[in-house]
Amino acid sequence: MGTIKYDFRNEVVVITGAATGIGRGTALAFAKAGASVAVCDFNREKGEETVKLCAELGAKAAFYQMDVTNEDQIREAKDRILNDFGTVDVLFSNAGIAQNTVAGPTTLSLVEWEKVFAVNVLGTVRVCSAFAPVFKEKKRGKIVITSSIAAYQPSRVLPAYSASKIASANYAQSLSLELGEYNVNVNVVNPGYVYTPIYSEGGAMKLREAAKDKLGRFETGEQVIGAIAYASSSLHRMQTVEDIANLVMFLSSDAAKEITGQIINIDSGVILR
């Protein structure tokens, strides 16, 4: 079947949550397409690894320390990025966290509700608010925000995560209304079941524990997520980091110039809307 080759030469891409998982995979995809990549994350060690991998692909890349709950760090990173690269053409607001405790809406602690929303919702707001003036001034640009199919899946055991994801998606649509008059596209990608650190670092096993009757026979986290994806999707499979990166690149390209305010599920057919 046919393939698509993107050309992002002479463009600057800022990616939050770029140290691992979808963020890293997307950084590498943009690097392969010739973009300069600003790798933003709170994890310096893993972030520097992403920068090295981008450089090995021939791309200009640099790491910027960024905790999306810290407005000062966001502002400082933005100023350094503009100083180093001169501009920003694409912002991929991807930083997010999982719900640490598997618990119901009334039993999950308020502390955890606040932590999840501080990163997944307000972190997105902080980052987009910081970079919006750059796009407004140049009157063009692309913003892509990572949400999740959990936005459309209210959960008895992951209520804060699901609620945070529908909130961030709704925020993105509001942002598209504000930035549309500046010729800026804002869209949302909803990944399905991608085996990233959110799952591999304990998240999958928490889901297994919460549904022992259905998932207890699976021994590894990847098997757990694979089983969930198989049972719930039309194509009966998980997605890959590369699948998500491909969608982000499309939405960041001129081919998507008339697409804005959209929430796009990439989940092998879990959410059918």
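Guide: Let's start with a word you'll need right away: a residue is buried when its relative accessible area is under 20%, exposed when it is over 50%, and partly exposed in between, using a 1.4 Å probe and protein chains only. What you have above is a predicted model, where local features need pLDDT of at least 70, side-chain atom pairs count only at pLDDT 80 or more, and totals for chains, interfaces and linings use all residues. Residues are numbered from 1 along each chain as its sequence is written, and side-chain values use heavy atoms, with hydrogens and water left out.

Visitor: Okay, what percentage of the residues count as buried here?

Guide: 51% of the 273 residues of the protein do.

Visitor: And how many helices and strands does the protein have?

Guide: Helices (H or I, at least four residues) and strands (E, at least two) are DSSP runs, numbered from the N terminus. By that count the protein has ten helices and seven strands.

Visitor: How do I read how compact the protein is?

Guide: Use the radius of gyration, taken over C-alpha atoms, and set it against the globule rule, which is 2.2 Å times the number of residues to the power 0.38. Here the radius is 18 Å and the rule gives 19 Å for 273 residues, so the protein is as compact as a globular protein of that length. If you prefer a box, the C-alpha atoms fill one of roughly 55 × 45 × 35 Å along the principal axes.

Visitor: What share of the contacts links residues 24 or more positions apart?

Guide: Contact means heavy atoms within 4.5 Å. Among contacts with a separation of 6 or more, residues 24 or more positions apart account for 70%.

Visitor: Now a single helix. Which residues of α10 are buried?

Guide: A general idea helps first: an α-helix has 3.6 residues a turn, so residues three or four places apart point the same way. In α10, residues 241-251, the buried ones are Val241, Ile244, Ala245, Leu247, Val248, Met249 and Leu251. Their cover includes α1 (21-32) and the strands β4 (90-93), β5 (141-146), β6 (184-191) and β7 (263-266).

Visitor: What about phenylalanine 250: which residues does it contact?

Guide: Phenylalanine 250 also sits in α10, but with a relative accessible area of 26% it is partly exposed. Skipping its neighbours within four places in sequence, it is in contact with Tyr6, Ala255, Ala256 and Ile259. Its C-alpha atom is 9.3 Å from that of isoleucine 4, which is 246 residues away along the chain.

Visitor: And where is glycine 261 found?

Guide: In the loop between α10 and β7. At 13% relative accessibility, glycine 261 counts as buried. Leaving out residues up to four places away in sequence, it touches Gln173, Ser176, Val186 and Asn187.

Visitor: Next, helix pairs. At what angle do the axes of α1 and α2 cross?

Guide: Axes are lines fitted to C-alpha atoms, for helices over the stretch in contact, and angles run from 0 to 180 degrees between N-to-C directions. The axes of α1 and α2 (residues 44-56) come within 9 Å and cross at roughly 20°. That makes α1 roughly parallel to α2, a label for angles under 35 degrees (over 145 is roughly antiparallel, 65 to 115 roughly perpendicular, and the rest oblique). Arg24, Ala27, Leu28 and Ala31 of α1 make the contact with Lys46, Glu49, Thr50, Leu53 and Cys54 of α2.

Visitor: How do the residues of that contact divide into nonpolar, polar and charged?

Guide: Ala, Val, Leu, Ile, Met, Phe, Trp, Tyr, Cys and Pro count as nonpolar, Asp, Glu, Lys and Arg as charged, and the others, Gly among them, as polar. The contact of α1 with α2 has five nonpolar, one polar and three charged residues.

Visitor: Which residues of α3 and α5 meet?

Guide: α3 (residues 71-85) packs on α5 at about 30°, with the axes 10 Å apart. From α3 come Glu71, Ile74, Lys78, Ile81 and Leu82, and they meet Arg126, Val127, Ala130, Phe131 and Val134 of α5. The residues of this contact divide into seven nonpolar, no polar and three charged.

Visitor: And how far apart are the axes of α4 and α5?

Guide: α4 (residues 110-120) and α5 (residues 122-138) have axes 3 Å apart, at an angle of about 25°. They are therefore roughly parallel to each other. Phe117, Ala118, Val119 and Asn120 of α4 meet Leu122, Gly123, Thr124 and Arg126 of α5.

Visitor: Last one: what is phi of lysine 139 and of asparagine 183?

Guide: Lysine 139, in the loop between α5 and β5, has phi near 55°, a positive value in a residue other than glycine. Asparagine 183 lies in the loop between α6 (159-179) and β6, and its phi is near 65°, again positive in a residue other than glycine.
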